[in-house]
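Here are a few exercises to work through with the sequence and the 3D structure side by side. Try each task before you read its solution.

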Amino acid sequence: MQEPEQKQGKSNILETIVSCPNTKILEILSENSLTCQINILGETSLDENEPKKFVLKLHKKDFSITLEEKDNSTVTSNLQKILSSPEKYFENDIYHKFITKDLIHNQVDVELIYPATQKQIDKYRLINYELFHETYEIYLKKTLPFINSIQQNDVKWIFNIFENKTEEPIGEAPSKKFIILKDYTVANDSKALICLAIPVPEYSYIKSVRDLTQKELPLLEELYLEGKKIIAKKYNCKEEEIKAFIHYPPSFYYFHVHYLSVNDPNVTLSSSVNRAIDLNEIIQNIKLKNDYYQTVAIDHIVQVNSKLYNALKSN
């Protein structure tokens, strides 16, 4: 019999769950062949008490081979290992497709969430969306009450970053008004440029784009100019290669800015129309009209059957 999970070290809890005879897989929550990701829901009873659910996020690791490698023989050797035992499954004129056995990159980045709450389970389940036309009147009547009903614990992790230094920023604004983090959804060794800027708690009153006016322009302009400068230096790229945007509605109601490489090959919901709003566009709109985001109607996508969806659909 396995020891109860509270007695297991953090390093072996995954191995303990996988090898436990009481562990079973309940559902494939979602999968994405483009990004080589799959999210799995399982259940286990390590201490033979009430079973607890867990979520496993599996993501194929990035290729580490680069053109910058100076030793050409090493590159060639690695390619030979990657392309070992090719099996052709498609051919049309000059186009050929193969399946190979990758002997050096066949690794998976695994994230375990245990025990998983229903909210966390729902987060990783395949989701359907609908487009919603939100006037400012609807925002005041339906969206704002929903925002005010959210427990403060939902953003406790942000305050932990500033108070307990639970995450190491990759940069800080010259004014000390915000920090920049590598997006927590990205694997630690990933080379992907996906970052997040979070203002200090002084600005926690800003929940979303609907709260922005000319009062926040100095912060927004620094997020745009200095934020991109910090990230460009960190990732050794041009500032012109970085797009800065916010989500509406956001995944959590503490104002933050997303940064993504314009050369990112993956077109995702994160940066799509009706979810992402360009930060410079926000700045220009507010300069034109102080209360722009307190008057304009916004078309955005909402997760079907989410609490926000139900609030917006209510009479």
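Buried means under 20% relative accessible area, exposed means over 50%, and partly exposed lies in between. Keep in mind that this is a predicted model.

**Exercise 1. A salt bridge between strands**

Task: Find the N to O distance of the salt bridge between Glu 111 and Lys 57, then decide how each residue is classed.

Solution:
- Start with the distance: the closest N and O atoms of Glu 111 and Lys 57 are 3.3 Å apart.
- Next, place the partners. Glu 111 belongs to strand S6 (residues 108–113) and Lys 57 to strand S3 (residues 52–60), so that the pair links distant parts of the chain, 54 residues apart.
- Now apply the cut-off of 20%. Lys 57 has a relative accessible area of 12%, so this residue is buried.
- Glu 111, with 30%, is partly exposed.

**Exercise 2. Another pair of strands**

Task: Work out which strands are tied together by the salt bridge of Lys 24 and Glu 43, and class both residues.

Solution:
- The closest N and O atoms of Lys 24 and Glu 43 are 3.8 Å apart, which falls within the 4 Å cut-off for a salt bridge.
- Lys 24 sits in strand S1 (residues 24–32) and Glu 43 in strand S2 (residues 37–44), so the bridge ties together parts 19 residues apart in sequence.
- Lys 24 is partly exposed, at 46% relative accessible area, whereas Glu 43 is buried, at 17%.

**Exercise 3. From helix to helix**

Task: Locate Lys 287 and Glu 221 and say what their salt bridge ties together.

Solution:
- Check the contact: the two side chains, of Lys 287 and Glu 221, meet at 2.9 Å, N to O.
- Lys 287 is part of helix H7 (residues 279–288) and Glu 221 part of helix H6, so the bridge joins parts 66 residues apart in sequence.
- Lys 287 is partly exposed at 44% relative accessibility, and Glu 221 is partly exposed at 29%.
- To finish, set these pairs in context: the structure holds 12 salt bridges. Glu 27, Asp 122 and Arg 125 are linked in a network of such bridges.

**Exercise 4. Aromatic pairs**

Task: Describe the geometry of the pair Phe 146 and Tyr 253, and of the pair Tyr 292 and Tyr 293.

Solution:
- The count of aromatic pairs is five.
- Phe 146 and Tyr 253 have ring centres 6.2 Å apart and planes at 75 degrees, an edge-to-face pair.
- Phe 146 lies in helix H4 (residues 136–149) and Tyr 253 in the loop between strand S11 (242–247) and strand S12 (257–261), so the pair ties together parts 107 residues apart in sequence. Both Phe 146 and Tyr 253 are buried.
- Tyr 292 and Tyr 293 also form an edge-to-face pair, with 4.8 Å centre to centre and 75 degrees between the planes.
- Tyr 292 is partly exposed at 25%, while Tyr 293 is buried at 3%.

**Exercise 5. The nonpolar cores**

Task: Find how many residues the largest nonpolar core has, and which helix gives the largest share of this core.

Solution:
- The largest core has 57 residues. Val 209, Leu 220 and Tyr 259 are among those with the most contacts inside it.
- Helix H6 (residues 217–235) gives the largest share of this core, eight residues.
- A second, separate core has eight residues, including Ile 17, Ile 40, Phe 54 and Tyr 114.
- Return to Val 209 for its neighbours: leaving aside residues up to four places away in sequence, Val 209 touches Ile 246, Tyr 248, Ile 277, Ile 282, Tyr 293 and Ile 298.

Key
Residues numbered from 1 in each chain as written. Predicted model: local features only at pLDDT ≥ 70, side-chain atom pairs only at ≥ 80, totals over all residues. Heavy atoms only, no water. Core = buried A, V, L, I, M, F, W, Y, C linked by side-chain atoms within 4.5 Å. Buried < 20%, exposed > 50% of the residue type's maximum accessible area, 1.4 Å probe, protein only. Helix = DSSP H or I, 4+ residues; strand = E, 2+ residues; numbered from the N terminus. Contact = heavy atoms within 4.5 Å. Phe/Tyr/Trp six-rings, centres within 6.5 Å; stacked < 30°, edge-to-face > 60°.
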